[in-house]
Amino acid sequence: MSESTLPAGLPVFQPGWVWLCGAGPGDPGLLTLHALNGLRQADVVVYDALVDTTILDLAPGAEHIYAGKRGGKPSAKQRDISLRLVELARAGKRVLRLKGGDPFVFGRGGEEAQTLVAHRVPVRVIPGVTAGIGGLAYAGIPVTHRDVNQSVTFVTGHDQSGEAPSALDWDAIARGSQVIVIYMGMKHVGRIAASLIGAGRSGDEPCAVVCEAATPRQRVLETTLARLEADIDAAGLEPPAILCVGRTVLLRQVLAEPWEAADADPLGTRRLSDAG
Ligand code: SAH
């Protein structure tokens, strides 16, 4: 791809700046133009475990520094990563901090931005497509649908210590959220499903698990809340995965392979006017 294919007016990456940038869930096609513009100009790309490595090929001239942490491991190194960014910026580098999905959605982007600002390092934030929206879309699941939900809740399945988050009020979430999208939910999936059922959700409620969404390795499991944990085990599914609880999952029957589903109506709500 040549420089000229980017639209005019995108910013020049100044030395000493950090661009805190979302990489999307996998597919490089989900990068923003700002992200691509940053990749082309960066001196160094500091990237996370969840950044698809094909995206790094878009910055062939830059140094690539891996700063990954995978779920459950101690988060103490977060401070080191932030300080490393400060150091690189102070050395006059153009630093692209590339994070999976969106940097501000369960990605500690806010903490990194705070440290940079506290050290007077100029920072630009570039949002990305978050896995809980774009990853589900790649599995044929709309995160909202007019006939199903007027709200959606994004939750994390574990907290800093790797435990199921104690601050979450699962009863309130079960009662108030028509669709629940769970990040980092695989480790405690049994407890999460039991909490939701205990709070009144039906064990028959449709659920989906989307592993390595928007990559060539994407795997999708459709099941129910009651069978969620057992079916994940039986299928041998591993993180990273997004869990979705709610009836929007049924739309997958139409959207996953739309060319075969012209007559499908999984919600039983299709309007005659929509069909023609
Ligand atoms: N900032 C990221 C989320 C980081 S938290 C975002 O906006 O998407 C890490 C969790 O995100 C993973 O445990 C998983 O639940 C989810 N995740 C990120 N990328 C994913 C992908 N390609 N497929 C499935 N889940 C993904």
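Here are legends for three views of this predicted model.

**View 1. The whole protein chain, with its ten helices and ten strands.** Start here to get your bearings. The radius of gyration of the protein chain is 20 Å, close to the 19 Å that the globule rule gives for 276 residues, so the chain is as compact as a globular protein of that length. Along the principal axes, its C-alpha atoms fill a box of roughly 60 × 45 × 30 Å. Of the 276 residues, 39% are buried. If you look at contacts between residues at least 6 apart in sequence, 71% of them join residues at least 24 apart.

**View 2. Helix α7 (residues 189-198) beside helix α8 (residues 228-235).** Follow the two helix axes: they come within 8 Å and cross at roughly 155°. Because angles over 145 degrees count as roughly antiparallel, α7 and α8 are roughly antiparallel to each other. Now look at the residues that meet: V189, G190 and A193 belong to α7, while L228, E229 and I232 belong to α8. The residues of this contact divide into four nonpolar, one polar and one charged.

**View 3. A67, in the loop between β3 (63-66) and α3 (77-90).** Is A67 buried or exposed? A67 has 20 C-beta neighbours inside 10 Å, so A67 counts as buried. Leaving aside residues up to four places away in sequence, A67 touches V46, Y47, D48 and I81. You can also look for P28, which is 39 residues from A67 in sequence. From C-alpha to C-alpha, A67 and P28 are 19 Å apart in space.

Definitions and conventions
Residues are numbered from 1 along each chain as its sequence is written. This is a predicted model: local features need pLDDT of at least 70, side-chain atom pairs count only at pLDDT 80 or more; totals for chains, interfaces and linings use all residues. Helices (H or I, at least four residues) and strands (E, at least two) are DSSP runs, numbered from the N terminus. The radius of gyration is taken over C-alpha atoms; the globule rule is 2.2 Å times the number of residues to the power 0.38. A residue is buried if 20 or more other C-beta atoms lie within 10 Å of its own, exposed if 12 or fewer, and partly exposed in between; C-beta atoms are placed from the backbone. Two residues are in contact if their C-beta atoms, placed from the backbone, lie within 7 Å. Axes are lines fitted to C-alpha atoms, for helices over the stretch in contact, and angles run from 0 to 180 degrees between N-to-C directions. Angles under 35 degrees count as roughly parallel, over 145 as roughly antiparallel, 65 to 115 as roughly perpendicular and the rest as oblique. Ala, Val, Leu, Ile, Met, Phe, Trp, Tyr, Cys and Pro count as nonpolar, Asp, Glu, Lys and Arg as charged, and the others, Gly among them, as polar.
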